[in-house]
Amino acid sequence: MRKNHFATRAIHAGYHPKQHQGALTPPIHISSTYAFDTVEQGGAAFQGENNRFIYARLGSPSQQLLEQRLAELEHAEAALATASGMGAITSAMWSLVKPGDEIIADLSLYGCTFSYLEHGLKSFGIKITYVNLSDANNLAQKITDKTKLVYSETPSNPNMRLVDIAALAQITRQYDCKLMIDNTYCTPYLQNPIQLGADLVVHSATKYLGGHGDLIAGFVAGKQEDIDHIRMFGLKDMTGSVISGFDVALLLRGMKTLHVRMERHCKNAQEVAEYLACSPYVKHTFYPGLDNFSQKELAQKQMRMAGGMIAFELNATREQSAAFVNALQMILCAVSLGDAETLIQHPASMTHSTYTEEELLEHLISPTLIRLSVGLEHIEDIVADLNQAFESVFSNKGLAISA
Ligand code: 3LM
């Protein structure tokens, strides 16, 4: 059967006004509990013998619509929406491992994910092994029968390293082991890990999917059986990380424009990356759309476009790098990413301060790295702000801005 294009699925999947008194925008269900006709009907619902809603921690009509739409966008059988990206990651991981099992994780991870593995799961008897998964051979050498989960972001937060999802999947498939990919940086518009062979995809929907900096949410997508297990065990009993009906509504609204916003994020980011790459104040710019990006071929193989995130290092000390960030006027110093506003931050001080100084180096996160989430403002205004900050910190001359 012909499948609608991404843009159409992002706007229509799972909903028709006909079934909702003509309402163009889906209703928001905020009921915490659902009434049954009889005890027997309620009992059958608890046994999974009918499809009735029971209690909002286990699902609601609003959440169900969102999940159907998310699954369609990620080409997954099913999805589970959660109260945050960390809610998705923790609900999924708690469901998949037990003491004595091993998780192999990539070297560079978002700070709270690292902290959850390193200070959370490890203390419950789960072995965590960090491996540079940018080379799939490293996984082939380290994976054993005890490895139940391989986990990676791509591009990684904050240093933009990629992993070859298809190559990793080829290895995990030979074991009783699942491959889970955090697709937050790309969104399903730029990359579909399940189509590339991953078993599970997790997202912080707080970022590009929401897109307007007004909600916290996440989701995990994969096979129906896995998602049912994560819902009824990981979320229901372990984390309770349920999304609210109001956030479902905001997320559905944001997702309607995801494809349009991503096109502009990518276009702006390409121009900003090219500007930074030419700047005498910048030592290195990490962006998959640049010719000197060390994994450009892989980026072109598995990403539709190069994304809206850039990392760069200045020819400067940590203090001077901070001074540059502080000198920006329109660009905001804030964590999070994927919003309309261009956001900049210093991972070693902020998002990745969960790593010690030694751990930052071991995990390939430079203490002077700066992370930029390129927003939707006019490109000339973004570049002009970067330019004036360079000028004010490093020189009186500055760089010419092309018209
Ligand atoms: C950040 N990141 O600024 P939530 N996976 C990835 C992420 O980047 C994030 C999560 C999961 C940032 C948040 S730092 C205090 C702010 C790749 C979040 C977790 O639970 O929805 O925040 O997602 O990099």
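**Exercise 1. Find which polar atoms of the protein contact the ligand, and how much of the ligand is covered.**

Start with aspartate 182: one of its polar side-chain atoms lies 2.6 Å from a nitrogen atom of the ligand. Such a polar contact is a pair of N or O atoms within 3.5 Å. The model is predicted: local features need pLDDT of at least 70, side-chain atom pairs count only at pLDDT 80 or more, and totals for chains, interfaces and linings use all residues. Residues are numbered from 1 along each chain as its sequence is written, and side-chain values use heavy atoms, with hydrogens and water left out.

Next, take lysine 207, where a polar side-chain atom is 3.0 Å from a nitrogen atom of the ligand. Glycine 85 contributes through its backbone: an N or O atom there lies 2.8 Å from an oxygen atom of the ligand. Finally, the cover: on its own the ligand has 560 Å² of accessible area, and the protein covers 86% of that (Shrake-Rupley method, 1.4 Å probe).

**Exercise 2. Describe the shell around the ligand and place it relative to the domains.**

Step one is the count. The ligand has 18 residues around it, with Asp182, Thr206, Lys207, Ser336 and Arg371 coming nearest; a residue is near if one of its heavy atoms lies within 4 Å.

Step two sorts the shell by class: six nonpolar, eight polar and four charged residues. Here Ala, Val, Leu, Ile, Met, Phe, Trp, Tyr, Cys and Pro count as nonpolar, Asp, Glu, Lys and Arg as charged, and the others, Gly among them, as polar.

Step three looks at elements. Helix α4 (residues 85-96) gives the largest share, three residues (helices are DSSP runs of H or I, at least four residues; strands are runs of E, at least two).

Step four uses the domains, whose bounds come from an automatic or database assignment. Because domain 1 (6-255) and domain 2 (258-396) both give residues to the shell, the ligand lies between them.

**Exercise 3. Characterise the largest cavity.**

A cavity is a set of points on a 1 Å grid over the protein atoms alone where a 1.4 Å probe fits but cannot get out, and lining residues have an atom within 4 Å of a point. The structure holds one cavity of 30 Å³ or more; a volume is the space filled by probe spheres set on the points, which are joined across faces, edges and corners.

The lining includes Pro155, Tyr185, Met303 and Gly308. Its residues divide into seven nonpolar, two polar and no charged. Domain 1 (6-255) and domain 2 (258-396) each supply at least three of them.

Note on methods. On a 1 Å grid over the protein atoms alone, a cavity is a set of points where a 1.4 Å probe fits but cannot get out, and a pocket is an open set with protein on both sides within 12 Å along at least five of seven lines; lining residues have an atom within 4 Å of a point. A polar contact is a pair of N or O atoms within 3.5 Å; within protein, one must be able to donate a hydrogen and the other to accept it, and residues adjacent in sequence count only if both atoms are side-chain atoms.
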